[in-house]
Amino acid sequence: TDMKKLIPILFVALVFSACQKEPSLSKLDNDYVVFTDYDSSADFSAFSTYYMPDSILRITNSKDPKYLTGNDAEYILSVYEDNMEARGYTRVDEKDIADLGLQISYVEDVSYFVNYPNSYWWNGYPGYWGPGYWGAGWDYWYYPYPVVYSYSVGSFLAEMVNLSASTEASRRLPILWDAYMAGLLSGSSKLNRDLAIRAVDQAFVQSPYLKK
């Protein structure tokens with residue numbers, strides 16, 4: 001069984017199997033948690049470029065797509081860019097020429113997760129991150145590893161998709177790496193940007209395989 005990591009800010013690792021029920025986030029006090037997983041068969045050194053949109057999808061109860069923009073989004077996206085650059089990857093402006101796609105989402109409402117599991121967690125949600133956003137050749141997402149999340153309000157999600165995968169034999173868009181960062185509201189309904197930035201950094205710290 002694949003093993004997964006759940007790591008609070010104190011960096012005390014709690015390891016559990018994919019089939020286990022996740023611990024309640026309410027029992028983790030004010031610590032945030034960072035969960036990461038990846039396709040163990042992927043050769044991350046084979047990729048050079050990536051595309052990342054300049055806004056963050058907000059998961060709300062609205063039927064219209066909403067995005068996190070402004071200083072908060074810019075700071076958080078810049079942390080992803082800095083980490084990717086440090087790992088040897090170059091951000092490009094056109095997704096058609098990118099090897100990888102990096103998509104970031106922020107959970108403000110969990111009502112869209114009531115019917116989980118679906119073929120992917122945002123099934124039917126408006127806005128970014130449908131497979132078609134990354135190109136006309138993709139029909140649906142593909143996780144080559146188990147994904148078991150209990151989403152909570154105030155969570156950031158990151159998925160890295162393989163845009164260079166061949167669509168001749170399969171029209172599935174592979175997700176090579178994902179990160180789930182929870183507990184970022186810090187006791188209020190306002191996002192704690194500092195906690196979010198530290199959580200993103202920690203997601204890369206615990207993903208040493210993610211490098212050119």
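Which strand is Ser155 found in? Ser155 is found in strand β10, which covers residues 155-162, and one of the views below returns to it. Please keep in mind while browsing that this is a predicted model.

**View 1. The whole protein, with two helices and 11 strands.** Starting at the N terminus, the elements follow the order β-β-β-β-β-β-α-β-β-β-β-β-α. The protein has 212 residues, and 50% of them are buried. Its accessible surface comes to about 10,200 Å², with 47% of that belonging to carbon and sulfur atoms. Take the contacts between residues at least 6 apart in sequence: 75% of these join residues at least 24 apart.

**View 2. Helix α1 beside helix α2.** Two packed helices are described by the angle between their axes and the distance between the axes. Here, helix α1 spans residues 70-86 and helix α2 spans residues 193-205; their axes come within 10 Å and cross at roughly 20 degrees. Angles under 35 degrees count as roughly parallel, so α1 and α2 are roughly parallel to each other. Their crossing is right-handed. On the α1 side, the contact is made by Asn71, Asp72, Tyr75, Ile76, Val79, Tyr80, Asn83 and Met84. On the α2 side, look for Arg193, Ala196, Ile197, Val200, Asp201 and Phe204. Sorted by character, the residues of this contact are nine nonpolar, two polar and three charged.

**View 3. Arg193, a residue of helix α2.** Is Arg193 buried or exposed? Arg193 falls in between and is partly exposed, because its relative accessible area is 27%. Leaving aside neighbours within four places in sequence, Arg193 is in contact with Asn71, Asp72 and Tyr75. Those three residues also belong to the α1 side of the contact between the helices. For a sense of scale, Arg193 and Ala73 are 120 residues apart in sequence, and their C-alpha atoms are 9.1 Å apart in space.

**View 4. Ser155, a buried residue of strand β10.** With a relative accessible area of 0%, Ser155 counts as buried. What does Ser155 contact, leaving aside its neighbours within four places in sequence? The partners to find are Ser105, Tyr106 and Val107, together with Tyr180, Met181 and Ala182.

**View 5. Met160, farther along in the numbering of strand β10.** Met160 is buried, and its relative accessible area is 1%. Beyond the neighbours within four places in sequence, Met160 is in contact with Phe44, Met84, Leu100, Gly101, Leu102, Pro174, Ile175, Leu176, Trp177 and Leu210. One of these partners, Met84, also takes part in the contact of α1 with α2. Another partner is Leu100; Met160 and Leu100 are 60 residues apart in sequence and 6.6 Å apart in space, from C-alpha to C-alpha.

**View 6. Ala179 in strand β11.** Strand β11 covers residues 172-182. Ala179 is buried, with a relative accessible area of 1%. Its contacts, leaving aside neighbours within four places in sequence, are with Phe35, Thr36, Phe156, Leu157, Ala158 and Ala203. How many residues apart in sequence are Ala179 and Phe35? They are 144 residues apart in sequence, while the C-alpha to C-alpha distance is 5.5 Å.

Technical notes:
Residues numbered from 1 in each chain as written. Predicted model: local features only at pLDDT ≥ 70, side-chain atom pairs only at ≥ 80, totals over all residues. Heavy atoms only, no water. Axes fitted to C-alpha atoms, helices over the stretch in contact; angles between N-to-C directions. Helix = DSSP H or I, 4+ residues; strand = E, 2+ residues; numbered from the N terminus. Parallel < 35°, antiparallel > 145°, perpendicular 65-115°, else oblique. Left-handed = near helix turned anticlockwise from the far one by under 90°. Contact = heavy atoms within 4.5 Å. Nonpolar A, V, L, I, M, F, W, Y, C, P; charged D, E, K, R; others polar. Buried < 20%, exposed > 50% of the residue type's maximum accessible area, 1.4 Å probe, protein only. Areas by Shrake-Rupley, 256 points an atom, 1.4 Å probe, with all protein chains shown as cover.
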